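Visitor: I am new to protein structures, and I would like to learn how to read one feature after another. Could you take me through this one slowly?

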Amino acid sequence: MREDIKSFICDVAKPGRYTGGEPESVYKDKEKMDCRVAFCFPDTYEIGMSNLGMRILCGVLNRMENVWCERVFAPWVDMEEQMRKRNIPLYAHESGDAVKDFDIVAITLQYELCYTTALNMLDLAGIPMVADERDDSMPIILAGGPCAYNPEPMAPFVDIFSIGEGEEALPELAALYIEMKKNGTYNKKDFLRAAAKLEGFYVPSLYDVSYNEDGTINAITPKYDDVPQKVKKRIIADLDKAYVPLCPVLPVIETVHDRITLEVFRGCIRGCRFCQAGFISRPVREKSPEALCEQARMIADNSGYDEISLSSLSISDYSKVNTLTDRLLEWTNESKINLSLPSLRADSFTRELMDKISTVRSSTLTFAPEAGSQRLRDVINKNITEADILRAAGVAYAAGKSQVKLYFMNGLPYETLEDVEGIPALAKNVIEEYYRTPERNKKRQPQVTISVACFIPKPFTPFQWEAQNTTEELETKQKHLLSCLTDRKIRYNYHDAKVSRIEAVFARGNRNLAPAILEAVKRGMRFDAWEEYFDYEKWMDVFASVGVDPSFYANRAMADDEILPWDMIDCGVTKEFLLSERHKAANAATTPSCKDKCSGCGANKLVDKEFCRWCPGHKEEEAEYLGHNLKPFVPRANDDDEKRDARGAGMAKNPGAKAVRTVRFRYTKGGAMTYVSHLDVQRTFMRSIVKSKLPVYYTEGFNPIPKLVFASPLSVGSAGENELAQIKLTEDVSDADVKAALSAAMPEDILIHEVYTPTVDFKKIKWAENEIVLVGDYSEADLEKVKALLAGPMVVLKRTKSTEKEVDISQFVKSAVANLECGNIVINAVTCADNTNFLNPSYVAKAAMKVLDNKGYFTVVRKQLLGEDCKIFR
């Protein structure tokens, strides 16, 4: 943790975002490194640490002995304000070193609205944002991710774009950098020229782009003969051999996806014409159930997570989904680990799959019809019918569910108001299906939530040439849909059309948009994906100031023969195939899935095969494919309807074993753990206890967790030297063995000192002994001011969740003594620590800082918990 952030870190939201020190973080001797990479995620820590791609790519680089890849996240606005105020540059999470001192700065571009945040990170790092302004002393700026498939809006800022999957590509680029550095041939110009010859890397400075008078592109021309006309994306052919982070970095604060993400396969067989992910990830490549089960078990053992998410674009299209789920359930149920699914198709949803997967045991199920009418579903090639949707809803209702969520889009090509009216009509039919289902849960009313996004034309889709509806058209359709809703059992959520318009501008943009992005950053715009910081009028003003017409990019249909800004990229799927799909959409003609018939998209050439594995003829996969041959549900032997709750929440997970003893442990909490909330500390302890493999007693009910009780929570910013917590065991394990197991599983900043059988209840805790250190160059006069404060009333502004008011906290302070030590003022304070009158000792510190005009900063360490008699509590 950097020393220069300690003085203010507790004043910003979620300080645990910035401290580093998480379990399984990678640390290396930087003096022995030939290449240092700063991997930047242009959003908050919680979102970045939920991204599997970032974990994978950091891992493959760190497998190289002479390369150290560190993580960097965008600081939230309050942290950025403090950093700029104190001239603290953007720094890496592991070493704390300034990002500008790294060799390569890699930025993942996951969505268009992160562009301003990405450039703001460079500016905060002290790195010139424009590539031409960076000399050989500056890091190479590398960018990748889904948005790299149209690199042009960010081309003037980025040195190299990584196109496709980076597990093999990024180590090759690092090796090239190291080789040129070692043999003395490195300079930025020559390195970029050499990098362009590696497959999967686009160097925008090596291409000239000329324009017609109407603003369309005239030509995209490589500057040199050895620079490729088209950059072919990289893929991993055999996913069983691909790198998987088996010992993942474990965040100490809650993240968006705080669980194991098990990538089952890449690619999609469906061909929805609006879906960029489905086309750029082709061809389909699967992992074997054997590899997946082994990886899942190792990650679970190393992390302590209690949930596994089976990740893919459509999990029910995995050819061996039954085998995989059966094999996982052989050990996950016993280990109290839930299985969850991020995506389900209505035409392949079964009761059997629902009963296996815990996510669908919750009260809400989600399906994505995307369009309200069958005609429009055929236009977009969704290949599901209303009958499929109603059948899936009926399966859910028969299993006791009462809530269904449906995803749709407004503004799709060829959409009419009649299609829009089909959305509430379909939702009403889903409601009526509830009443048509005899096995429904009659104790609850049904509810359908429709969530409607705005269509955004994306590169490398059949709809990349289509115009987005204007903002006014989209808003008119949203209001019309609302007017058609008459059933209170239907809830309606929709996306902001103005946000979608800005996304469309950048999704189909060219290099002429770069001045707008740069101007926006100079005006302080960032975190555009966050509602509280997105400002449409500001964007319109920015576009006007640099002479950009956003309608040219978002609201204009493109001709079949128009040169597209991303035409120098080869994603595998041919342009001819996408054009044929565009024309079929105009006639509402569908294309079968890859499983049913090969349509010749061209993706097979990426794996050097005449046919990709999903062409007809792979009989060994067909038997388990859920999209065909839907079987009637047969209850499993352990299916017991009596154990289902009123919500139909699924099987109760009864751990069975009863507690035989309670063990209490005394521990120290310091380092990075000082700056996380009590709830996050609790989550960290839960994972560590699971990792320890101790026979822990779990709570009863449908979501069992280890029975863990803390003596008294520590506030954010407070360390503790003798903290107490306790667990229950279902077997009689010795104190020494419990201590050894917990010590091995806990993060470095949690030290287990002692394990014993408790004799006194935590309710007997009354006081806490705290050491408060006011850090600064203080004088005797300052000490006297603090002593006077401690001797009289201490009135502070005390905040609760709903109010704030002035309170005299002296009534909650039993004693407080201050001394001057080496320029610091040290206060030893005994404060209330019971549940009724708990006082956060930082209030004493803040009151003291106030009388010292807030010079310096303070630290708090709770030394001991005390009983009512002020003796050490055990």
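Guide: Let us begin with a definition: two strands are said to pair if DSSP finds at least two bridges between them. Please keep in mind that this is a predicted model. With that definition in hand, we can say that strand β13, residues 307-311, is joined to β14 by 3 bridges, and that the two strands run parallel. One of the bridges can be followed residue by residue, since glutamate 307 has asparagine 338 in β14 as its bridge partner.

Visitor: In which order do the strands of this open sheet lie, and which of them are the edge strands?

Guide: The open sheet has 3 strands in the order β10-β13-β14, and their pairing is parallel. The edge strands are β10 (260-263) and β14 (338-340), each of which pairs on one side only. If direction is ignored, neighbouring strands of this sheet are turned against each other by 25 degrees on average.

Visitor: Which strands does helix α8 lie across, and which does helix α9 touch?

Guide: Helix α8, residues 289-303, lies across β10 and β13, and runs at about 165 degrees to β10. Helix α9, residues 321-332, packs on the sheet as well, where it touches β13 and β14, and its direction makes about 170 degrees with that of β13.

Visitor: How should I read a hairpin, and how many residues lie between β7 and β8?

Guide: A general idea about strands comes before the case: in a regular strand the side chains alternate between the two faces of the sheet. Here strand β7 (residues 207-211) and strand β8 (residues 217-222) run antiparallel and are joined by 5 bridges, one of which has tyrosine 211 and isoleucine 217 of β8 as partners. The two strands form a hairpin with 5 residues between them, and in the turn glycine 215 has a positive phi of about 95 degrees.

Visitor: Which residues have a positive phi although they are not glycines?

Guide: Cysteine 822 has a positive phi of about 55 degrees, and its place is in the loop between β27 (813-821) and β28 (824-832). Cysteine 870, with a positive phi of about 65 degrees, lies in the segment after β29 (857-867). As for accessibility, cysteine 822 is exposed, with a relative accessible area of 83%, whereas cysteine 870 is partly exposed, at 29%.

Visitor: Is the peptide bond from arginine 282 to proline 283 cis or trans?

Guide: That bond is cis, with omega near 0 degrees, and proline 283 is found in the loop between α7 (276-280) and β12 (285-286).

Visitor: Now I would like to turn to helices; what describes two packed helices?

Guide: Two packed helices are described by the angle between their axes and by the distance between the axes. In this model the axes of helix α15 (residues 497-507) and helix α17 (residues 536-545) come within 10 Å and cross at roughly 35 degrees, and the crossing is left-handed. The contact is made by Lys498, Arg501, Ile502, Val505 and Phe506 of α15 together with Tyr536, Glu537, Trp539, Met540 and Phe543 of α17. By class, the residues of this contact divide into 7 nonpolar, no polar and 3 charged.

Visitor: At what angle do α14 and α15 pack, and which residues make the contact?

Guide: These two helices pack at an angle of about 140 degrees, with their axes 9 Å apart, and their crossing is right-handed. Thr471, Leu474, Glu475 and Gln478 of α14 meet Ala497, Lys498 and Arg501 of α15 in the contact, which has 2 nonpolar, 2 polar and 3 charged residues.

Visitor: Why are the buried residues of α17 on the same side of the helix?

Guide: An α-helix has 3.6 residues a turn, so residues three or four places apart point the same way. In α17 the buried residues are Tyr536, Trp539, Met540, Val542 and Phe543. They lie on the same side of α17 because they cover an arc of only 160 degrees around the axis. On the other side of α17, Glu537 and Ala544 are exposed. What covers the buried residues includes α4 (115-125), α14 (471-483), α15, α16 (514-522) and α18 (550-554).

Visitor: As a last exercise, is threonine 684 buried or exposed?

Guide: Threonine 684, which lies in helix α21 (residues 678-692), counts as buried because its relative accessibility is 3%, and the cut-off for buried is under 20%. Not counting residues up to four places away in sequence, threonine 684 touches Val252, Met673 and Pro747.

How values were computed
Residues are numbered from 1 along each chain as its sequence is written. This is a predicted model: local features need pLDDT of at least 70, side-chain atom pairs count only at pLDDT 80 or more; totals for chains, interfaces and linings use all residues. Side-chain values use heavy atoms; hydrogens and water are left out. Helices (H or I, at least four residues) and strands (E, at least two) are DSSP runs, numbered from the N terminus. Buried means under 20% relative accessible area, exposed over 50%, partly exposed in between (1.4 Å probe, protein chains only). Axes are lines fitted to C-alpha atoms, for helices over the stretch in contact, and angles run from 0 to 180 degrees between N-to-C directions. Contact means heavy atoms within 4.5 Å. A crossing is left-handed if the near helix is turned anticlockwise from the far one by less than a right angle, and right-handed if clockwise. Ala, Val, Leu, Ile, Met, Phe, Trp, Tyr, Cys and Pro count as nonpolar, Asp, Glu, Lys and Arg as charged, and the others, Gly among them, as polar. The arc is that of the directions from the helix axis to the C-beta atoms.
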